[in-house]
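Work through these exercises with the sequence and the 3D structure open. Try each task before reading its solution.

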Amino acid sequence: MKSKSRTLMMQRLALHAALTPLAIIWLFPLWMMFVFSTMPDYGIFSPDIVLWPSTNFVENFKNLQADTNFLRAMFISITVAVIYTVLSVMLTSMAGWALARYRFAGRSMVIAIILGTITLPFAVVVIPQFIMVAREFKLANTWVALIVPPLFNSLGVLFMRQSFSMMPTELFDAARVEGVKEWRIFLHIALPLARPTMAALSIILFLASWNNYLWPLLINSRPGMMTAPVALGTLIGLTKVSWGGIMAGAVLLTAPILFVFIFLQRHFISGIAAGAIK
Amino acid sequence: MAGLTLTNVIKRFGAYEVVHGANLEIADGEFVVFVGPSGCGKSTLLRMIAGLEDVSEGTIEIGGIAVNDVEPSERRIAMVFQSYALYPHMTVRRNLSFGLQMNGNPKEDTERRVAHAANILQINELMDRRPGQLSGGQRQRFAIGRAIVREPQVFLFDEPLSNLDAELRVQMRVEISRLHKQLGTTMIYVTHDQTEAMTLADKIVVLRAGRIEQVGAPLELYDNPANQFVAGFVGSPKMNFLKARIEGKGASGVTVSLRADPRVKLTLPVSSAVAAGSQVMLGVRPEHFVNAGAGDTDLTVRIDVAEHLGHTSYVYATISDEPLIIERPESRHGGDSDSLTIGLSAARCFLFDAEGSRLR
Ligand SMILES: Nc1ncnc2c1ncn2[C@@H]1O[C@H](COP(=O)(O)OP(=O)(O)O)[C@@H](O)[C@H]1O
Ligand SMILES: [Mg+2]
């Protein structure tokens, strides 16, 4: 008994010894981003490497705000991400439900195609998508162009489909016998039971939208409509690049996500695991 | 309330036929049990009656109306599932009222029905819990409650007790029986457990591989099974089947000899023509052996194990490698001998041909 717990302890120790350097490698750039965001530009480029934060954060942020109206860009990013997440969860759960519950001709073909699109890198899609949205539909610089094209999320569809397929069919049979209409079965039984999966999916989608750079950059060049990553990107081209300001912006972009993830990581991981295994 | 009529009901999944033309008449208020081994099509038949599966061919009538194209909710049926199928995210009170509420039933009427069902099943105190906070037996009770609330013409049960432990199963069995007495509604009950079938049913429908083998009252099936399958399925412990051979035909019937011990001969009245020398099965229930000398012939078996249950004993024995079970009500002590001589009485023996058809 005693030796067993001891070997367990040794295993844990070894595991931590192996993982700690990895964690440090992963965290170090984040830490340096934070450190740089608190330094004046001459400090960032000084030859001594400083590992501790300084006091220039507010100054940096003021420069940033003057250059790009960063607060507005943050607000736009948040709004876009929230709208995108809500719409996308709605759409993917409806599509997932249809693919899980109804047998129709060509169903497995549809699933195979959706699965196939996951393997396509965005780089392959982005040019035709841009041409379609900007030239054919003439939607460049609109909110619709920013939000709608990425809405159809094949990973989300399969995620939700998996979650619905795992629910016992007898549950829906019981509701059918009771005369509950199909859309109410979806709304009142299937969706509430899929809540953990929807939560996990929401985080993934919110993050995807929050981090999205290429598509908003291409489709949306109007200064008043820039999302935060795009706004930050515009700074690089200026003659005098305010690296401290960029780092302050990067910290503001990263911090909320980091906190959300730390608080929600338990739900997040169990939700993903549920979608994957159960 | 309503009776049911099934006429030539066939079910195919793709090209694969699983129910091969079922004909069945169920009277109003009857308690009918579909019984048969797992995979024989009981659930499929029940789900067709419920409307959860389409009927490939034939007609199903409930209360004299063909319901092939009627939605499940319009059939005036209620169904209790093996997995209970309670909505896990709602309190059980809401589970009971949900269906009615979704269909716009007046609130007072819904509440009255829910209270009524809770009274019948004595589940008042638990109403505000979620299904996950209840034991299996309690969940099953609420699943039945949800069926009662619908005030159906026909109750359908699909193996409702098979997830419960043995003791609770007996208790719920009695309760379902009582419920049937109290409500007087037609009930169709699916199980693979012959004890449940025997104890609950007014009428048993024995199914095998998608075919109805026999329909009858429990004791009818016990006394008069149509074939070897039904004979083996009804009764516990199972009927013994001993290989035998037709020796010849006389005025009082055919004479058979056991293959295990050709000296054991028995003459049975058989009406159908059987060729001398053909192989047959002699069927005798464990409880129908008699004391040595008291029957028409005796046989000697080797005892493997004896189980003494107090009120009776079961002897597990073999006669040249053919196993058999013998019930000995009076023997409280197995004795030390490892062989046993018992009597067979022709009047209690069945005879089946090589295909399992009943000869006697
Ligand atoms: N949806 C289905 N698709 C294909 N075959 C099915 C389906 N449902 C049941 N079956 C088949 O039909 C047969 C009878 O099944 P079922 O009615 O569930 O048996 P039971 O309830 O008597 O155990 C089985 O062979 C089963 O594999
Ligand atoms: Mg079944």
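**Exercise 1.** Is Thr318(B) buried or exposed? Place the residue and list its contacts.

*Solution.* The model is predicted: local features need pLDDT of at least 70, side-chain atom pairs count only at pLDDT 80 or more, and totals for chains, interfaces and linings use all residues. Residues are numbered from 1 along each chain as its sequence is written, chains are lettered from A and ligands numbered from 1 in the order in which they are written, and side-chain values use heavy atoms, with hydrogens and water left out.

Step 1. Start with accessibility. Buried means under 20% relative accessible area, exposed over 50%, and partly exposed in between (1.4 Å probe, protein chains only). Thr318(B) has a relative accessible area of 15%, so Thr318(B) is buried.

Step 2. Find the element. Helices (H or I, at least four residues) and strands (E, at least two) are DSSP runs, numbered from the N terminus. Thr318(B) sits in strand β17 of chain B, residues 313-319.

Step 3. List the contacts (heavy atoms within 4.5 Å). Beyond four places in sequence, Thr318(B) contacts Val301(B), Arg302(B), Asp304(B), Pro323(B) and Leu324(B).

**Exercise 2.** Why does Arg113(B) count as buried? Give its surroundings.

*Solution.* Step 1. Arg113(B) belongs to helix α3 of chain B, residues 107-121.

Step 2. Its relative accessibility is 14%, so Arg113(B) counts as buried.

Step 3. Leaving out residues up to four places away in sequence, Arg113(B) touches Leu100(B), Asn105(B), Val149(B), Arg150(B) and Glu151(B).

**Exercise 3.** Which residues line the largest cavity? Trace them to their elements.

*Solution.* Step 1. Fix the term. On a 1 Å grid over the protein atoms alone, a cavity is a set of points where a 1.4 Å probe fits but cannot get out; a pocket is an open set with protein on both sides within 12 Å along at least five of seven lines; lining residues have an atom within 4 Å of a point. Grid points are joined across faces, edges and corners, and a volume is the space filled by probe spheres set on the points.

Step 2. Count and size. There is one cavity of 30 Å³ or more. The largest cavity holds about 50 Å³.

Step 3. Read the lining. Chain A supplies Ala174(A), Val177(A) and Glu178(A). Chain B supplies Ala78(B), Met79(B), Phe81(B), Arg146(B), Ala147(B) and Arg150(B). Two or more lining residues come from each of α9 (169-177) of chain A, and β6 (77-80) and α4 (136-149) of chain B.

Step 4. Sort the lining by type. Ala, Val, Leu, Ile, Met, Phe, Trp, Tyr, Cys and Pro count as nonpolar, Asp, Glu, Lys and Arg as charged, and the others, Gly among them, as polar. The cavity lining has six nonpolar, no polar and three charged residues.

**Exercise 4.** How many residues does each chain give to the contact? Add the buried area.

*Solution.* Step 1. Chain A gives 16 residues and chain B gives 24 residues.

Step 2. Buried area is the accessible area (1.4 Å probe) that two parts lose on being put together, summed over both. Chains A and B bury about 1800 Å² between them, with 59% of it on carbon and sulfur atoms.

Step 3. On the chain A side, Glu170(A), Val177(A) and Glu178(A) lose the most area to chain B, together 39% of what that side buries. Val177(A) and Glu178(A) also appear in the lining of the largest cavity.

**Exercise 5.** What is the volume of the largest pocket? Describe its lining.

*Solution.* Step 1. The largest pocket has about 830 Å³ of space.

Step 2. It is lined by 28 residues; Tyr84(A), Phe122(A), Pro150(A), Phe152(A) and Asn153(A) are the closest to its centre.

Step 3. α11(A) gives the most to this lining, five residues.

Step 4. The pocket lining divides into 20 nonpolar, eight polar and no charged residues.

**Exercise 6.** Where in chain B do Gln122(B) and Pro237(B) lie? Check the backbone at each.

*Solution.* Step 1. Most residues other than glycine have a negative phi, and most peptide bonds are trans.

Step 2. Gln122(B) lies in the loop between α3 and α4 of chain B. Its phi is near 55°, a positive value in a residue other than glycine. At 62% relative accessibility, Gln122(B) counts as exposed.

Step 3. Pro237(B) lies in the loop between α8 (228-233) and β11 (240-250) of chain B. The peptide bond from Ser236(B) to Pro237(B) is cis, with omega near -5°.
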